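Visitor: Please take a close look at the nonpolar interior of this model. I would like to know which residues make it up, and then how the aromatic rings, the charged pairs and the surface relate to it.

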Amino acid sequence: MAFLASVEESISGPIAEFFDLVVGTSTAGIIALGLGLGFSASEMLGFYVDLIPRVFQGNRIWRTLRSILVAKWDKKVLRTMLAEKFGSRKLGHSKVRLVIPAQDAVSGQVHLYKTAHHPRFEKDYLVDAVDIALATAAAPTYFPTFARGDGGLFIDGGTWANNPLGVAVVEASAVLEWERASLRVLSLGCTTAPLRIASALWAPKGKAYWATKWLDLMLIGQSSGAIGTAQLIAGHENVHRISPVLAKSLDMDGVRDIRTLRGLGVNEARRALPTLRAVFFGDKAEAFVPYRDLASREGGTISVKEDRGVDT
């Protein structure tokens, strides 16, 4: 988030106005929703600086032991703070096309919340932004499964799209039918740590060893596959991936790392801005006109409009 806020300080307007499509999973799904709803990157950074220590508070040893049987953290504080930030806004209030991955906890099928940027997308634009945020961020063992008001149960989209880069490029090329050669893709990761499994390659390990490694292995493999998919579709030279490599993994719910991560984001923005400015921050994207207008729906009618979005 600090990366986006730092870049935004150097360009002429909110960062979301320069992109035709924004895709985010889990915590990045919350960020994508905020940017789509019109909040600046700096405002979302301030939200996170306040959010993290309030959500992840309490005795961490007890919380870790508790997570063996139940979710490590209660989502009540997260829900309250999201409601304070997003209010009653719905996905249909987004000013940019959004795709937010989650997973149906009952059927196991993937679930993609999408703005009405295609005639087929008839329902999601009516869903509360807070509910979508809670669904995409319901990380197993960290937060309880999210129960939607209509009975749906959802877990974190990171279970299958931790890096949603592949999802984004497929949406752009296959659903929106934008020319592959015209795609310019910016992918931001939440840092990358080396995968240390060398000992398992020489001496076969059992459950006790792999129980501590399987999640990292799955996430790194999924991210690698997503990057490869995007590069094959859009072209290697058109995919700009930024995810600093760290010497060790950081805790997903670590409060003490906030300052370190904020500084890292600022430094990465300083290095990347000259290149990114030329590719992404020249002209702003054409205004997003959804097929289904939320204001008309609230007034008792549904307005279906032609979407004349362009590629950037």
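Guide: In this predicted model, the largest nonpolar core has 60 residues, and the members that touch the most others are Ile15, Ile30, Leu33, Leu82, Phe86, Tyr113 and Phe281. At least two residues of this core come from each of helix H1 (2-8), helix H2 (27-36), helix H3 (41-55), helix H5 (76-86), strand S2 (97-104), helix H6 (129-136) and helix H12 (258-280). The most is given by H3, which supplies 8 residues. In soluble globular proteins, nonpolar side chains tend to be buried together.

Leu33 serves as an example of how such a member is surrounded. Setting aside neighbours within four places in sequence, Leu33 is in contact with Phe86, Leu91, Leu98, Ile100, Ala129, Ile132 and Ala133. A second core, separate from the one above, has 18 residues, including Val23, Val99, Val167 and Ala226.

Next, the aromatic rings. There are 7 aromatic pairs in the structure. In one of them, the ring centres of Phe18 and Phe281 are 5.4 Å apart with the planes at 80°, so this pair is edge-to-face. Phe18 sits in the loop between H1 and strand S1 (21-23), while Phe281 sits in the loop between H12 and helix H13 (294-298), so the pair ties together parts that are 263 residues apart in sequence. Phe18 and Phe281 are both buried. Phe281 is also one of the core residues that touch the most other members. Ring pairs join Phe18 and Phe281 with Phe19 and Phe280 in a cluster.

Now the charged pairs. Side chains of opposite charge can pair when their charged atoms come close. Over the whole structure, the search finds 8 salt bridges. One of them is within helix H3, the helix that gives the most to the largest core. There, Asp50 forms a salt bridge with Arg54, and the closest N and O atoms are 3.4 Å apart. The two residues are 4 places apart in H3, about one turn of the helix. Asp50 counts as partly exposed because its relative accessibility is 38%, and Arg54 is partly exposed as well, with a relative accessible area of 34%.

Helix H12, which also supplies residues to the core, holds another salt bridge, between Glu268 and Arg271, with an N to O distance of 2.5 Å. These partners are 3 residues apart, about one turn of the helix. Glu268 has 17% relative accessibility and therefore counts as buried, the cut-off being under 20%. Its partner Arg271 counts as exposed, because its relative accessibility is 51%. A further salt bridge joins the side chains of Asp150 and Arg148, at 2.9 Å from N to O. Asp150, at 57% relative accessibility, counts as exposed.

Last, the surface. Nonpolar side chains also appear there: Ile61, Leu65, Ile68, Leu69 and Val70 form a nonpolar patch, and together these residues have about 590 Å² of accessible area. Leu65 of this patch lies in helix H4 (residues 60-66). With a relative accessibility of 52%, Leu65 counts as exposed, since the class begins over 50%.

Key:
Residues numbered from 1 in each chain as written. Predicted model: local features only at pLDDT ≥ 70, side-chain atom pairs only at ≥ 80, totals over all residues. Heavy atoms only, no water. Patch = residues over 30% accessible without salt bridge, like charges linked within 9 Å, V, L, I, M, F, W, Y side chains within 5 Å. Areas by Shrake-Rupley, 256 points an atom, 1.4 Å probe, with all protein chains shown as cover. Salt bridge = Lys/Arg side-chain N within 4 Å of Asp/Glu carboxyl O. Buried < 20%, exposed > 50% of the residue type's maximum accessible area, 1.4 Å probe, protein only. Core = buried A, V, L, I, M, F, W, Y, C linked by side-chain atoms within 4.5 Å. Contact = heavy atoms within 4.5 Å. Phe/Tyr/Trp six-rings, centres within 6.5 Å; stacked < 30°, edge-to-face > 60°.
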